[in-house]
Amino acid sequence: MLSGRRLDLLDPSPLDVEIEDIAHGLARVARWNGQTLGDYAYSVAQHSLIVEKIFCHCNKAAKPAQQQMALLHDAPEYVIGDMISPFKSVVGGGYKTVEKRLEGAIHIRFGLPPHPTTALKARIKTADRIAAFFEATVLAGFSEAEALKYFGRPNGITRDMLEIEPMTTASAQAAFLMRFSEIEQLRREAPEKAKASQ
């Protein structure tokens, strides 16, 4: 990693995870295998920001820790890249095992549960599929009918709510770090608010 950290893929340590490395890596990993419109690659960092925004819109009572898990839902890809779904199916369980270990290390590093609950994972996945619908139709050349078939109808979200034009690498990296910091601030304030209300 650029931070100087060395990450063991088979046994990743939370101590070797840095948010700057995550933001740097995700801003340079292209979604859709790079097959998108625009002057810049549409990055996993920008996708993560959009998924977290959709998640918050659809889950108004979400706690800051849940928002952070939504933002970090693809964080392992800063190490292993973004594999298109059909290829993940071909690769099989080995990819998922490495991904899950990295997710656990990343979450623990930031004081989160190692993995989201089944219910939370489903809510994040819903936001992810909504984001994919708009990415597919706006950037990746899918017709609306194709996107509906693969990702379902994006209920409650419209195109104008999302900043979907690909950002520069530097902009995506900075925006990801800023949103991470904002949520961390909310997480710090949450216990204080709970104490004040007692």
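1. A good place to start is the second largest pocket, which is lined by Gln46, Leu49, Ile50, Glu52, Lys53, Glu163, Met167, Ala175, Met178, Arg179 and Glu182. Two elements give two or more residues to this lining: helix 2 (44–58) and helix 9 (169–196). Please keep in mind as you look around that this is a predicted model.

2. Staying with that pocket, its volume is about 240 Å³. Helix 2 gives the most to the lining, with five residues. Sorted by class, the lining has five nonpolar, one polar and five charged residues.

3. Helix 2 deserves a look of its own. It has 15 residues and reaches 21 Å from its first C-alpha to its last, close to the 21 Å expected at 1.5 Å a residue. The helix is mostly covered, with 11 of its 15 residues buried. Among the buried ones are Gln46, Leu49, Ile50 and Glu52, and these four residues also appear in the lining of the second largest pocket. Val44, Ala45, His47, Ser48, Val51, Ile54 and Phe55 are buried in helix 2 as well.

4. Helix 3 (64–71) can be read in a similar way. This helix is mostly covered, since six of its eight residues are buried. Those buried residues are Pro64, Gln67, Gln68, Met69, Ala70 and Leu71.

5. Next comes the largest nonpolar core, which has 51 residues. Which of them touch the most other members? They are Val17, Ile22, Ile54, Leu72, Ile106, Phe110 and Phe176. At least two residues of this core come from each of helix 1 (19–26), helix 2, helix 3, helix 6 (93–109), helix 7 (118–138), helix 8 (144–151) and helix 9. Helix 7 supplies the largest share, nine residues.

6. Val17 is a handy residue to click on in that core. Leaving aside residues up to four places away in sequence, Val17 touches Leu7, Ile22, Tyr78, Ala105, Ile106, Arg109 and Phe110. Of these partners, Ile22, Ile106 and Phe110 are also listed with Val17 among the residues that touch the most other core members.

7. Leu162 sits in the loop between helix 8 and helix 9. Is this residue buried or exposed? Leu162 is buried, because its relative accessible area is 7%, and buried means under 20%. Not counting residues up to four places away in sequence, Leu162 touches Ile50, Ile54, Phe134 and Ile157. Ile50 and Ile54 are both buried residues of helix 2. The C-alpha atoms of Leu162 and Gln68 are 19 Å apart, with their positions 94 residues apart along the chain.

8. Pro114 is found in the loop between helix 6 and helix 7. At 37% relative accessibility, Pro114 counts as partly exposed. With residues up to four places away in sequence set aside, Pro114 touches Glu103, Gly104, His107 and Ile108. Its C-alpha atom is separated by 18 Å from that of Ala62, 52 residues apart along the chain.

9. Finally, the loop between helix 1 and helix 2 is worth a check of the backbone. Most residues other than glycine have a negative phi. Trp32, in this loop, has a positive phi near 60 degrees. Asn33 lies in that loop too, and its phi is positive at about 60 degrees although it is not a glycine. Where do these two stand on accessibility? Trp32 counts as buried at 17% relative accessibility, whereas Asn33 counts as exposed at 52%.

Methods. Residues are numbered from 1 along each chain as its sequence is written. This is a predicted model: local features need pLDDT of at least 70, side-chain atom pairs count only at pLDDT 80 or more; totals for chains, interfaces and linings use all residues. Side-chain values use heavy atoms; hydrogens and water are left out. On a 1 Å grid over the protein atoms alone, a cavity is a set of points where a 1.4 Å probe fits but cannot get out, and a pocket is an open set with protein on both sides within 12 Å along at least five of seven lines; lining residues have an atom within 4 Å of a point. Grid points are joined across faces, edges and corners, and a volume is the space filled by probe spheres set on the points. Helices (H or I, at least four residues) and strands (E, at least two) are DSSP runs, numbered from the N terminus. Ala, Val, Leu, Ile, Met, Phe, Trp, Tyr, Cys and Pro count as nonpolar, Asp, Glu, Lys and Arg as charged, and the others, Gly among them, as polar. A nonpolar core is a set of buried Ala, Val, Leu, Ile, Met, Phe, Trp, Tyr and Cys residues joined through side-chain atoms within 4.5 Å. Buried means under 20% relative accessible area, exposed over 50%, partly exposed in between (1.4 Å probe, protein chains only). Contact means heavy atoms within 4.5 Å. The expected span of a helix is 1.5 Å times one less than its number of residues.
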